[in-house]
Number of protein chains: 2
Amino acid sequence: MTAGPAASADRSLLAADLRERVQTVLTRFLSEQSAVLETIGTDLEPVTDALREFLLDGGKRLRPTFAYWGYRGAGGQDGDSILRAAASLELLHACALIHDDVMDGSDTRRGHPAVHRRFAVLHDKQAWEGSSDTFGESAAILLGDLCLVWAEQMLTTSGLPETALVRARGVYDEMRVELMSGQYLDLLEQARGGHDMARALRVARYKSAKYTIERPLHVGAALAGDDPEVRTVYSDYGLPLGEAFQLRDDVLGVFGDPEVTGKPAGDDLREGKRTALIAMALDHADPAQAAVVREHLGDPELERGGVEALRTVISDTGALDKVEALIEQRTQQALGALDVAARRGTIAAEAAEVLQDLAVAATTRRV
Amino acid sequence: MTAGPAASADRSLLAADLRERVQTVLTRFLSEQSAVLETIGTDLEPVTDALREFLLDGGKRLRPTFAYWGYRGAGGQDGDSILRAAASLELLHACALIHDDVMDGSDTRRGHPAVHRRFAVLHDKQAWEGSSDTFGESAAILLGDLCLVWAEQMLTTSGLPETALVRARGVYDEMRVELMSGQYLDLLEQARGGHDMARALRVARYKSAKYTIERPLHVGAALAGDDPEVRTVYSDYGLPLGEAFQLRDDVLGVFGDPEVTGKPAGDDLREGKRTALIAMALDHADPAQAAVVREHLGDPELERGGVEALRTVISDTGALDKVEALIEQRTQQALGALDVAARRGTIAAEAAEVLQDLAVAATTRRV
């Protein structure tokens, strides 16, 4: 499990290569579907244009990456079919993001206008009837639905054998149900406005730990075979890592650099997101600090001064340090589980090495 | 293909029996899924409660009925598995309706509050933070997504053999893509505000003819076997019937009795729906009549007087009579195709009889 600088460089090339291959199969799938929509009507062109731009412009491809290496770790061999199957998770994620932006009223995504904004602008430009905003949101709801359908279609037409697809079906459905449930619980936390650490961590568990890491690994494993030990290792690695990943997200949502994240500074604060970071800050806030949180958190008009005030509270209460320590601890826990599995040979060696790198990359990222 | 009153009564019992069996399998599926959500969190209870009420309270069960008889007509035998597979289309439809109500801002569905309203009321009652409307709409978006996932899960876990599921996959995906595309085109027609009869009929074709009748029949046929002749018959029957069905919907949206439809009088007029009925009226309107349409159509505050004025224009231009004639002509076309198929034995006799009744029921309904 130790690797010198040379091996490390190889592995980062591997990751870049995978991102490029995911890009290629997504591009091909979208061209195929664009041709299908063309037969229904040429006025569906804005639909595929929007999805092409959304899907092919950036994104970390985390879920395809974990699914692919989950497959390889479980003994599956590289090939176009697994690439296509893994890349399909990006379409599922597109559904989640497009709908999320409608729900949050977020205007930008990855530095570009959100899908609902894009269609609102189209409506404006064409001087169509009715409300541009309603048109934009409605189109985005439908495009998200379409992505959810396409995701599953891309998986089932990946070229993997039927037996593999049947094995993966259960966990694929679990993942999707957990995603929608996690999103609902997130909504509920914002509405309740409390600062319950246990509930904040539950949201993180379903929205991120399971959906972003554990379940993609499980889907990959199920596509490759049915070894219950592999599945257990992926949970032991994926759940703590997923939690660390989400906590990193929480920190970036408050302290992230807009130049790097592509989102306005303090976006999560403006939205009033009830993250574990905020719950921790409130747990340790004195009355004056709590008043600052009450005043600014969730203020849609929040400006630089308010963002700074909240950041100060989050630092001064020790919440930031505690969350950083938690990220480190969970990451080490994940790496430990992986190390044991690699030494026992439960997980194929190359995959174990890449998963090790991914754990570090996912929790030290700046975007 | 002729049948006396006794046989007719038997067949209507058959239809009622099917509705009851669909209800039973949906109830069971929802209980199973409710238990799954319970393991994620007890605060997901409102989600299953809302979907239970939405799914089990009424509905014509048209798509399950066409899928079931499509299967029987293609030689499939009755059983619990096909019931479950057919009933799954009701979950797909729930996704479409729940999202549709959000997009249209419709407050009621089947005489009850729409799902987004239900969650807005929950938010109000609990005095939660943020906007009740946004919470309601966000919850409804997620519940629709969940229904889309569950629909497919209910189909693939129906108990039908894998070979049957693999055969049906292509047409199932086509149906879902056509549904989302049709919804988008509908949106586009409202926004464009034109009165293009060809485009209005294209929307009707994708939203209703294919999605409500032809594709459910095709899914049923594919689950039973792979006879291309059966597929052709179902298109020859399903497409004209579906068009007639949608035209009946257009008429009911303007002239329907609120007591029977459960929707406010003239709801489609208030929403400004660009139906074939409206396109036809505008095609034949003199300048004064066109002015009435321009004044009232799509007015969200439209009251009784405006509804009456629009109804008068639709009648006086001859649009209502023309649409009624079109409904009759398309229904006869569908029945003719079915009659030929039944005499040739392409379609099983009992199924052909039920499909005959369904054609009449779907186009003479008052709700």
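Okay, one definition before we start: two residues are in contact if their C-beta atoms, placed from the backbone, lie within 7 Å. With that in hand, take the contacts in chain A between residues at least 6 apart in sequence: 75% of them join residues at least 24 apart. And please keep in mind that this is a predicted model.

Let's stay with chain A for a moment. It has 16 helices and two strands. Its C-alpha atoms fill a box of roughly 60 × 55 × 35 Å, taken along the principal axes. How does the radius of gyration of chain A sit with that of a compact globule? For 367 residues, such a globule would come out near 21 Å, and chain A has 21 Å, so the two agree. Buried residues account for 54% of the chain.

Now, the two chains together. Turn chain A by 180 degrees, with a shift of 0.0 Å along the axis, and you can lay it on chain B with an RMSD of 0.0 Å. That's the relation of a two-fold axis. The same surface serves both copies, too: 98% of the contact residues of chain A recur in chain B.

So what goes into that contact? Chain A puts in 47 residues and chain B puts in 46. On the chain A side, the elements giving two or more residues are α1, α4, α6, α7 and α8. Which of them gives the largest share? That's α7(A), with 17 residues. By type, the chain A side divides into 24 nonpolar, 12 polar and 11 charged residues.

On to the core. The largest nonpolar core has 250 residues, and the ones with the most contacts inside it are Leu143 and Cys147, in chain A and in chain B. If you look at A:Leu143 and skip its neighbours within four places in sequence, it touches A:Val47, A:Ala50, A:Leu51, A:Ile98 and A:Val115.

A couple of helices next. α6(A) covers residues 132-156, and 22 of its 25 residues are buried, so you'll find this helix mostly covered. At 1.5 Å a residue it should span 36 Å, and its end C-alpha atoms are indeed 36 Å apart.

Over in chain B, have a look at helix α3, residues 62-73. Its 12 residues should span 16 Å, which agrees with the 16 Å between its end C-alpha atoms. Is α3(B) enclosed or open? All the counting points one way: 12 of the 12 residues are buried, so the helix is largely enclosed by the rest of the structure. Among them are B:Arg63, B:Trp69 and B:Arg72. After the helix comes B:Gly75, with a positive phi near 100 degrees.

Speaking of positive phi, there are a couple of residues to point out that aren't glycines. A:Arg61 has a phi of about 55 degrees and sits in the loop between α2 and α3 of chain A. It counts as buried because it has 23 C-beta neighbours inside 10 Å, and the cut-off is 20 or more. B:Ala127 has a phi of about 50 degrees and lies in the loop between α5 and α6 of chain B. With 8 other C-beta atoms within 10 Å, B:Ala127 is exposed.

Last stop: A:Asp124, in helix α5 of chain A. This one is partly exposed, with 13 other C-beta atoms within 10 Å. Its C-alpha atom is 9.8 Å from that of A:Phe135, which is 11 residues away along the chain.

That's my tour, thanks.

Key
Residues are numbered from 1 along each chain as its sequence is written. Chains are lettered from A and ligands numbered from 1 in the order in which they are written. This is a predicted model: local features need pLDDT of at least 70, side-chain atom pairs count only at pLDDT 80 or more; totals for chains, interfaces and linings use all residues. Copies are superposed by least squares on the C-alpha atoms of residues with pLDDT of at least 70 in both. Helices (H or I, at least four residues) and strands (E, at least two) are DSSP runs, numbered from the N terminus. A nonpolar core is a set of buried Ala, Val, Leu, Ile, Met, Phe, Trp, Tyr and Cys residues joined through C-beta atoms within 7 Å. Ala, Val, Leu, Ile, Met, Phe, Trp, Tyr, Cys and Pro count as nonpolar, Asp, Glu, Lys and Arg as charged, and the others, Gly among them, as polar. The expected span of a helix is 1.5 Å times one less than its number of residues. The radius of gyration is taken over C-alpha atoms; the globule rule is 2.2 Å times the number of residues to the power 0.38.
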